[in-house]
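Please look at the sequence and the structure shown below before reading on. The short report that follows goes through them part by part.

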Amino acid sequence: MDKSVIIYTDGSCLSNPGPGGYAAILRYGEVTREIWGGEAETTNNRMELLAAIKALGQLSRPCGVVIYTDSQYVMKGFTEHWLENWKKKNWKTAANKPVKNQELWQQLDELNSFHEVDWRYVPGHKGQAENERCDELAKVAAEESKTRGEFFLCGEYRGK
């Protein structure tokens, strides 16, 4: 992999379910991109997954990626082999129930396979700057999704 990208992600929901938002910060060298979006009726877990999906979807070729997430749900899907086990069981949980958010897990699995991803946990709301910024953007997106419905936006800047 010739590129090394650092990504921070977060999701938010005003009520669960309810209006939700997601955000991610992507860093490659001196370039930083912030992305965010939302849905009018969703769950927090869906927004956490969508943040990672949208972030990885920004990358046009295979990259080495470090993703920081404060979502145990997303993290354990990869680090504790939940995803691997769900696929073996035809998308059933250990309790033999259908996996929630299967379509999003499948998208994320495909993107994860395209890149060389290192999943890392960052505790939420503990002062880590990029995690706090993602949280802020995700909350704004959740508020905006109440009236706007589904949307996606992106901003980019150079420098730190």
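## A covered strand and its partner

How many of the twelve residues of strand 3 (residues 31-42) are buried? Strand 3 is mostly covered, with nine of its twelve residues buried, where buried means under 20% relative accessible area, determined with a 1.4 Å probe on protein chains only. Strands here are DSSP runs of E with at least two residues, and helices are runs of H or I with at least four, each numbered from the N terminus.

This is a predicted model, in which local features need pLDDT of at least 70 and side-chain atom pairs count only at pLDDT 80 or more, while totals for chains, interfaces and linings use all residues. Residues are numbered from 1 along each chain as its sequence is written, and side-chain values use heavy atoms, without hydrogens and water.

Strand 2 and strand 3 run antiparallel and are joined by ten bridges, where pairing requires at least two DSSP bridges between two strands. Gly 18 has Thr 42 of strand 3 as its bridge partner, and in the turn of this hairpin, which has two residues between the strands, Gly 29 takes a positive phi of about 60°.

## Helix 5

The 20 residues of helix 5 (residues 129-148) should span 28 Å at 1.5 Å a residue, and this agrees with its end C-alpha atoms, which are 28 Å apart; the expected span is 1.5 Å times one less than the number of residues. Among the buried residues of helix 5 are Cys 134, Leu 137 and Ala 141, and just after the helix Gly 149 has a positive phi of about 80°.

Notes:
Buried means under 20% relative accessible area, exposed over 50%, partly exposed in between (1.4 Å probe, protein chains only).
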